[in-house]
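Visitor: I'm new here, and words like "buried" and "core" get thrown around a lot. Could you show me a structure and tell me how those labels are earned?

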Amino acid sequence: MKRMSVWVVAVALGLMSGCRHVENSPIVTAFHNAGGGDVDRSTPDNIAQFLAKHEDVRKQLTPLCKQKEASAPADWSSTDEGKVCAGNARANFFGKPDLKSDGVRF
């Protein structure tokens with residue numbers, strides 16, 4: 001019986017150590033509130049595709065990401081927050097440009 005309980009505890013600790021806790025940050029919260037889904041299961045490319053369709057969220061996240069990125073540690077890009085900001089940067093780069101025509105034809 002004692003052996004069984006040791007195995008159960010060992011398995012539980014092994015499963016918990018492999019899980020990644022979702023960060024509680026304004027960036028991740030804004031992404032979730034917009035309907036972005038699970039950041040852990042998404043790639044920056046998936047996040048970029050979502051944010052390309054949600055310009056209001058993208059505009060909300062851009063200053064937050066720039067501020068956080070300025071003081072972020074080296075491993076920040078592998079965090080949930082870093083993934084959302086990487087997707088946001090891609091969506092901004094490939095998003096619709098705000099170009100206005102001057103009316104002059106080629």
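Guide: Happy to. Let's start with helix H3, where Ile47, Ala48, Phe50 and Leu51 are buried. Keep in mind that this is a predicted model.

Visitor: What makes the buried residues of H3 line one face of the helix?

Guide: Look down the axis of H3: the buried residues fall within an arc of 165°, so they sit along one face. On the other side of H3 you find Gln49 and Lys53, which are exposed.

Visitor: What covers the buried residues of H3?

Guide: The cover includes H2, H4 and H5.

Visitor: Why is Lys53 called exposed?

Guide: Exposed takes a relative accessible area over 50%. Lys53 has 69%, so it earns the label. Lys53 belongs to helix H3, and its C-alpha lies 8.9 Å from that of Gly95, although 42 residues separate the two in sequence.

Visitor: And Lys59, why does that one count as exposed?

Guide: Same kind of check. The cut-off is over 50%, and Lys59 comes in at 53% relative accessibility, so it counts as exposed. You'll find Lys59 in helix H4. Its C-alpha is 9.0 Å from that of Asn88, with the two residues 29 apart along the chain.

Visitor: Now the opposite case. Why is Gly87 called buried?

Guide: Buried means under 20%. Gly87 has a relative accessible area of 0%, so buried is the right word. Gly87 is in helix H5.

Visitor: Which residues does Gly87 touch, not counting those up to four places away in sequence?

Guide: Pro44, Ile47, Ala48 and Leu51. There is also a distance to look at: the C-alpha atoms of Gly87 and Gln49 are 7.9 Å apart, while 38 residues separate them along the chain.

Visitor: Ser42 lies in a loop. Why does Ser42 count as buried?

Guide: Again, hold the value against the cut-off of under 20%. Ser42 has 15% relative accessibility, so it passes as buried. The loop in question runs between H2 and H3. Leaving aside neighbours within four places in sequence, Ser42 is in contact with Ile47 and Lys83.

Visitor: Let's visit H2, then. Which residues of H2 are buried?

Guide: Ile27, Val28, Ala30 and Phe31. Down the axis of H2 they fall within an arc of 160°, so they line one face of the helix. Pro26 and Asn33 are exposed on the other side of H2. H3, H4 and H5 are among what covers the buried residues of H2. Just after H2 comes Gly35, with a positive phi of about 95°.

Visitor: How do you know that the length of H4 agrees with what a helix should span?

Guide: Count 1.5 Å a residue: the 16 residues of H4 should span 22 Å, and the end C-alpha atoms are 23 Å apart, so the two agree. H4 does have a kink of about 30° at Leu61, shortly before the proline Pro63.

Visitor: Which residues of H4 are buried, and what covers them?

Guide: Val57, Arg58, Leu61, Thr62 and Cys65 are the buried ones. Their cover includes H2, H3 and H5.

Visitor: You mentioned a core. What makes a group of residues a nonpolar core?

Guide: The members must be buried residues of certain kinds, such as Val, Leu, Ile and Phe, joined through side-chain atoms within 4.5 Å. The largest one here has 16 residues, and those with the most contacts inside it are Ile27, Phe31, Val39, Ile47, Leu51, Leu61 and Val84. Helices H2, H3, H4 and H5 each give two or more residues to this core.

Visitor: Which residues does Leu51 contact, leaving aside its neighbours within four places in sequence?

Guide: Phe31, Val57, Arg58, Leu61, Val84, Gly87, Asn88 and Ala91.

Visitor: How many helices and strands does the chain have?

Guide: Five helices and zero strands. Of the 106 residues of the chain, 27% count as buried. The accessible surface comes to about 8,100 Å², and 59% of that belongs to carbon and sulfur atoms.

How values were computed
Residues are numbered from 1 along each chain as its sequence is written. This is a predicted model: local features need pLDDT of at least 70, side-chain atom pairs count only at pLDDT 80 or more; totals for chains, interfaces and linings use all residues. Side-chain values use heavy atoms; hydrogens and water are left out. Buried means under 20% relative accessible area, exposed over 50%, partly exposed in between (1.4 Å probe, protein chains only). Helices (H or I, at least four residues) and strands (E, at least two) are DSSP runs, numbered from the N terminus. Contact means heavy atoms within 4.5 Å. The expected span of a helix is 1.5 Å times one less than its number of residues. The bend at a residue is the angle between axes fitted to the seven residues ending there and the seven starting there. Accessible areas come from the Shrake-Rupley method with a 1.4 Å probe; for residues, only the protein chains shown count as cover. The arc is that of the directions from the helix axis to the C-beta atoms.
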